[in-house]
Amino acid sequence: MARRLVIIGGDAAGMSAASQARRMTSPDALEIVAVERGSRTSYAACGLPYLVAGLVESPDRLVVRTPEQHRAMGIDVRTRHEAIAIDCGARTVTVRDLGIGRESVEHYDELLIGTGASGIAPQWPGIDAEGVLQLRTLDDAAQVERRLGAGARRAVVVGAGYIGLEVAEGLLERGLDVTVVELLGAPMGAVLDADMAAGVANAMRAAGIDLRLNTAVTGFATVAGRVTAVETATGPVAADLVVIGLGVRPNADLARAAGIGVGETGGIIVDDRLRTDTPHVWAAGDCVESRHRITGRSVVVALGTHANKQGRIAGTNIAGGQAAFGGVLGTAITRFQGVEIARTGLTEREAGAAGFDAIGVTTEASSRAQYFPGAQPMKIKVVAERGTGRLLGAQIVGGEGAGKRIDVLATALWNDMTVEEVGGMDLSYAPPFSPVWDPVLLAAGKAASKI
Ligand SMILES: Cc1cc2nc3c(=O)[nH]c(=O)nc-3n(C[C@H](O)[C@H](O)[C@H](O)COP(=O)(O)OP(=O)(O)OC[C@H]3O[C@@H](n4cnc5c(N)ncnc54)[C@H](O)[C@@H]3O)c2cc1C
């Protein structure tokens with residue numbers, strides 16, 4: 001008889017696991033049932049800001065694989081079905097069909113939890129008003145579209161992290177007046193050092209964004225249930241549309257209620273094979289905590305890169321293979337108009353907080369040979385450990401061609417290299433691509449000479 005794999009959550013982690021397990025096993029050996037409370041599967045949430053901006057022509061373009069396509073692969077996908085309880089002793093999941101409200105009990109031999117994360121939404125007065133939303137799903141993007149269709153002119157984005165920045169860019173692109181309200185003293189303040197974030201603030205203001213830093217939101221003013229302003233500690237900001245981007249917290253309540261271990265970070269605890277502490281229960285994606293490769297600590301880094309990888313690894317292991325997740329560095333990239341912003345490892349501030357005797361060295365460089373048309377300025381900050389010279393992290397802010405250079409530094413970091421070693425690496429050069437000393441080599445070399 002076929003074993004039965006039940007998957008909760010039909011997006012990046014869940015469906016990567018399903019697809020991988022399906023590739024490795026026949027339906028005779030493994031039945032795969034995936035329950036998803038939404039109506040879509042495998043959609044690229046990462047593309048939502050670009051859908052809002054009008055760069056992606058339709059929501060369907062963001063759907064990587066439809067429920068029908070998964071079913072054709074031999075995966076029993078049940079959309080509009082929500083898992084409401086797990087019984088690890090009986091090895092069952094109680095599932096509610098959201099269409100007709102009926103509940104059923106599904107037996108599993110193996111269970112994968114891929115429930116993702118939810119956006120943080122403080123209980124501010126007025127947060128439920130029409131026009132106040134988050135951008136996490138295609139339905140949210142449709143709601144933005146409806147507000148624009150209804151004539152929204154003034155948008156306020158709460159939070160200047162990755163998503164806040166991308167949404168602000170998209171709404172500017174659509175011709176709205178955009179205000180960004182941020183509690184910290186800099187945009188991207190949680191993931192960049194202040195000296196690097198300054199360049200992002202300049203770019204936002206130059207683009208016409210009213211950027212209000214060090215500003216606390218206290219609630220929302222409404223008229224007839226519709227938002228009219230964001231209330232802040234320094235006064236109201238008029239708004240027809242508000243998008244909240246304050247980060248996420250893992251959806252781990254279902255696991256916690258079933259007695260499955262959840263860490264202090266709020267993420268489900270898993271080992272490097274993505275096993276939870278409960279037999280036959282696996283978890284992957286935004287709902288889990290991962291090991292940070294530099295600090296060794298457990299962290300929740302909610303990114304699609306990890307969700308896809310972890311889903312695939314869990315699927316491999318569930319199907320009887322051997323795969324392990326190597327941990328995270330917090331490598332990430334975004335852009336605001338022409339400015340590319342990227343980071344990996346620890347910032348100088350994070351390194352200090354983690355107990356490293358760290359030094360941060362910033363280098364100004366050019367994306368191409370300076371005489372070559374289109375050369376763009378960039379700043380690279382390298383963080384290293386004093387004494388050993390070990391690379392601890394890096395940040396890049398600069399024009400086109402700057403951001404993806406972070407991957408070279410992430411590779412070096414993954415392999416525990418020193419800044420001296422990075423400065424001596426054999427990187428490519430021709431004038432259209434870099435100066436003869438690539439900015440990565442320059443930055444690492446400068447850090448090495450300071451240590
Ligand atoms: C606007 C935006 C931009 C982003 N940009 C990037 C980017 O540029 N780069 C990057 O690496 N990452 C980016 N991300 C993050 C990335 O999208 C997520 O890390 C990734 O989608 C996580 O995948 P997941 O499968 O773990 O969770 P999710 O994608 O959240 O999927 C979880 C699924 O589980 C379902 N579910 C939850 N609970 C239940 C239940 N009880 N029963 C049934 N179904 C349930 C949910 O409906 C959901 O579909 C972005 C995210 C957003 C929102």
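This is a short viewer tour of a predicted model, from the ligand out to a five-stranded sheet.

Before you click: residues are numbered from 1 along each chain as its sequence is written, and side-chain values use heavy atoms, with hydrogens and water left out. Because the model is predicted, local features need pLDDT of at least 70 and side-chain atom pairs count only at pLDDT 80 or more, while totals for chains, interfaces and linings use all residues.

**Stop 1: the ligand.** Select the ligand and the 30 residues around it, where "around" asks for a heavy atom within 4 Å. D11, A13, E36, D286 and L303 come nearest. Colour the shell by class and you get 16 nonpolar, 8 polar and 6 charged residues; Ala, Val, Leu, Ile, Met, Phe, Trp, Tyr, Cys and Pro count as nonpolar, Asp, Glu, Lys and Arg as charged, and the others, Gly among them, as polar.

Now show the backbone for some polar contacts (pairs of N or O atoms within 3.5 Å). A backbone N or O atom of A13 sits 2.9 Å from a ligand oxygen. A polar backbone atom of A83 is 3.0 Å from a ligand nitrogen, and one of G114 is 3.5 Å from a ligand oxygen. On its own the ligand has 1000 Å² of accessible area, and the protein covers 88% of that (Shrake-Rupley, 1.4 Å probe).

**Stop 2: the elements behind the shell.** Switch to cartoon and pick α1 (12-24), β2 (30-36), β4 (81-87) and α8 (304-318): each gives the shell at least two residues. Helices here are DSSP runs of H or I with at least four residues, strands are E runs of at least two, and numbering starts at the N terminus.

**Stop 3: the hairpin.** Follow β4 into β5 (92-97), its antiparallel partner over 6 bridges; pairing takes at least two DSSP bridges. A83 stands opposite V95. The hairpin has 4 residues between its strands, and R91 in the turn has a positive phi of about 55 degrees.

**Stop 4: the sheet.** Select the open antiparallel sheet, ordered β21-β22-β25-β24-β23. Its edges are β21 (332-336) and β23 (358-366), and the twist averages 15 degrees from one strand to the next. Add helix α6 (194-206), which touches β21, β22 (339-345), β23, β24 and β25 and makes about 155 degrees with β24. Contact means heavy atoms within 4.5 Å; axes are lines fitted to C-alpha atoms, for helices over the stretch in contact, with angles from 0 to 180 degrees between N-to-C directions.

Zoom in on β24 (377-385) and β25 (391-398), antiparallel over 7 bridges, where K381 has Q395 as its bridge partner. Finish on helix α10 (406-414), lying across β22, β24 and β25 at about 175 degrees to β25.

Key. Polar contact = N/O pair within 3.5 Å; in protein donor to acceptor, adjacent residues only side chain to side chain.
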